[in-house]
Amino acid sequence: MRHIISVLLENESGALARLVGLFAQRGYNIDSLNVAATEDPTLSRLTLVTHGNDQVIEQISKQLHKLIEVVKVSDISEAAHIERELMLVKVKASGNQREEVKRCADIFRGQIIDVTPATYTIQLVGTSDKLDAFIQALGTTPIMEVVRSGASGIARGEKTLAL
Amino acid sequence: MTSQTQPDDKSADSTRATEMLSGAAMVIRALADEGVEYLYGYPGGAVLHIYDALFQQNKVKHVLVRHEQAATHMADAYARASGKAGVVLVTSGPGATNAVTGIATAYMDSIPMVVLTGQVMSHLIGGDAFQETDMLGISRPICKHNMSVRRPEDIPYLIKKAFHIAQTGRPGPVVLDIPKDMTMPNQKFAYHYPAEINLRSYQPKLKGHSGQIKKAVTALLGAKKPILYAGGGVIMGSASNELTELAKLLNLPVTNTLMGLGAYPADDKQFIGMLGMHGSYEANQTMHHADVILAVGARFDDRVTNNTKKFCPDATIIHIDIDPASISKTINTHIPIVGLVQPVLTEMLEVLKQKKKKLDSAALQQWWQQIDQWRAVHGGRYDTTAPLLKPQYVIEQVSKITKGEAYVCSDVGQHQMFAAQYYKFNKPNRWINSGGLGTMGFGLPAAMGVKLNYPDADVVCVTGEGSIQMNIQELSTCKQYGLGVKIINLNNGYLGMVKQWQDMNYESRYASSYMDSLPDFVKLAEAYGHVGIRVTTPEELQPALERAFALKDRLVFLDIHIDPKEHVYPMQVPGGAMNDMFLSKTERT
């Protein structure tokens, strides 16, 4: 099962390395990882997408919590939540394909943010599934480059992960 | 060991506020304020300022080892015996990497330790400077926490933080990396040692959940075949008395893990021995057939459970542990209680005493009859008629002559298992061994660390000719500091445990398990200025032991030649349940 785990972490050098190291040492998966400082510069917020059975996910939460610099851990996919990922895609777009790519980007509510006579760079925001679907939808359009941020997540409603 | 000199009130603060110290002096002063008596270490370029500060005071004493690994094991063993963090000081690069095995050893057994490692100057870090290694990177997976000093004035805070993290919650080693420029003698800063530390991201739970404790008591009182399974958490959590009271109150059978030996007195009739791979027949049978298991400060290690899929099929498991990650990690727990073992057991006792319901005494009596039958099956028997000295006999005699009260520091291998099985540990903190990591070379430095801090106690190092040679150089340190350790070298000329596995699984093909060209250990001991005694027959053993223990202040190296064919039994059958065991070379369950 796919899980989205949010972590509030002391914004100290070495803290991220310790967290990532934990996954390598204990053989847990990281599908994506996304991290930046919060409005409080002493704290980092990290969103980690992983998969595993219930026992593995429970261990991941517990082991994360054990790290001294980890302030809070929450599996936000356990309840209603919002998930967003940013993707930048550079595609070959010339001749007939140029129109088709534009239409496709519009359907997915993507934006073309850079243009050359032969390429488009498209920005797309959504759940990771939606980004996957867009890549599929591009079909035969030659993809030159893909950059994805990894998912960020937040709980719906009044629930927060904060100090 | 809690410091009396620490400035914990305002008046003391104001008189000290102006004290200006260099980073190096702060390191030593903070250790003194923490109440540290001994520092185990080895000097080198990156820590010379600190060593100079050490030289200029007399509160903290330094023990110069011959290899940094030994410094870590000395500090570790002190912590195991006393419950307080041991402290190590080593230089950067090879000094730090030599300490790695000792840090990992302490980490695996949850032993509090503070390791100060030197580092090259801050501006050189990352440039492959002389004796530079990324000690934070290297030690990250093998310590509870690590930190580096970025400003000299932070040193007192970071040292306090290191002790706080090492000694609270589930204890463990903490590494503090100190770049040389943080300790410059001519740069001085205001010194203040914090009385306490509060970290928003680290708030270990102390008390257990009362609702869970009540649930556990109900489950326990409903048991017909209960067992108490106690581990190292009882020792480090100083909960031996509460554990014993609980066991007595309910007349429970008690088994201790390798790390928990001494948590419950071995001479008591309710003690059914160690459990696990080389556990007693009765302990493993009792575990397997139990309907309620009360696990206290134990972690269901693979050396205990055998095949987790076949583990104790009928048991409701209650698990008390300070570390939530240890609960339901390998074996699913039905009633988890997160908290320090001692307050949880105390609360459990209170709840129990208020309850009118008692255990079903008829069922319990039947259970004890069954256990006594199991006891009769193996009972730790071994061949007493053989002409060659048996290692089991040696340990029994050591146990007798020291009345089960010595500190027994073991290396790793067959001798370790024989010591665990045949020495009668009646007190906690007396059995000192590398359980989790299985570090050969641990025994001698461990015995040194204990002897230094408990000079009047009998301190025994049980070892083999393989393990002892991994830190044999420390015989020199023993001479320098007058450490009268008694070394019981169970010499069979083989790496005994490797050989046993080769006998059992590899048709006795002894790939690199025979050591040719062993030294004359008696002469070697004498060369280091100690007493060496060789024992080759059963008749020679008693007088040799008497002579060794009579020489109170001398290190005596007893090189005891034992039967090289002996195996450790019982031994769990790989892949089997708790109670699938080999009982001798020819019998199995």
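**Exercises on a predicted model**

In this predicted model, chain A contains an open sheet of 4 strands with antiparallel pairing, in the order β2-β3-β1-β4.

**Exercise 1.** Determine which strands of this sheet in chain A stand at the edges.

*Solution.* Begin with the strand order, β2-β3-β1-β4 in chain A. Strands β2 (32-37) and β4 (70-75) of chain A each have a single partner strand, so one side of each is left without a neighbour in the sheet; these are the edge strands. From one strand to the next, the twist averages 15°.

**Exercise 2.** Describe how β1 and β4 of chain A pair, and identify what packs on the sheet.

*Solution.* Strand β1 of chain A, residues 2-10, pairs with β4(A) in the antiparallel sense over 5 bridges. In general, strands of a sheet pair through backbone hydrogen bonds. Next, locate Leu8(A): the residue opposite it is Lys72(A), in β4(A). Finally, consider helix α2 of chain A, residues 54-66, which packs on the sheet and touches β1, β3 (43-51) and β4 of chain A. The direction of this helix makes about 165° with that of β4(A).

**Exercise 3.** Explain why Cys478(B) forms no disulfide with Cys461(B), and state whether Cys478(B) is buried or exposed.

*Solution.* A disulfide requires two cysteine sulfur atoms within 2.5 Å. The closest cysteine sulfur to that of Cys478(B) belongs to Cys461(B) and lies 9.0 Å away, which is too far for a bond. Over all chains, the structure holds 0 disulfides. For the second part, buried means under 20% relative accessible area. Cys478(B) has a value of 1% and is therefore buried. Cys104(A), at 8% relative accessibility, also counts as buried.

Terms used
Residues are numbered from 1 along each chain as its sequence is written. Chains are lettered from A and ligands numbered from 1 in the order in which they are written. This is a predicted model: local features need pLDDT of at least 70, side-chain atom pairs count only at pLDDT 80 or more; totals for chains, interfaces and linings use all residues. Side-chain values use heavy atoms; hydrogens and water are left out. Buried means under 20% relative accessible area, exposed over 50%, partly exposed in between (1.4 Å probe, protein chains only). Two strands pair if DSSP finds at least two bridges between them. Helices (H or I, at least four residues) and strands (E, at least two) are DSSP runs, numbered from the N terminus. Axes are lines fitted to C-alpha atoms, for helices over the stretch in contact, and angles run from 0 to 180 degrees between N-to-C directions. Contact means heavy atoms within 4.5 Å.
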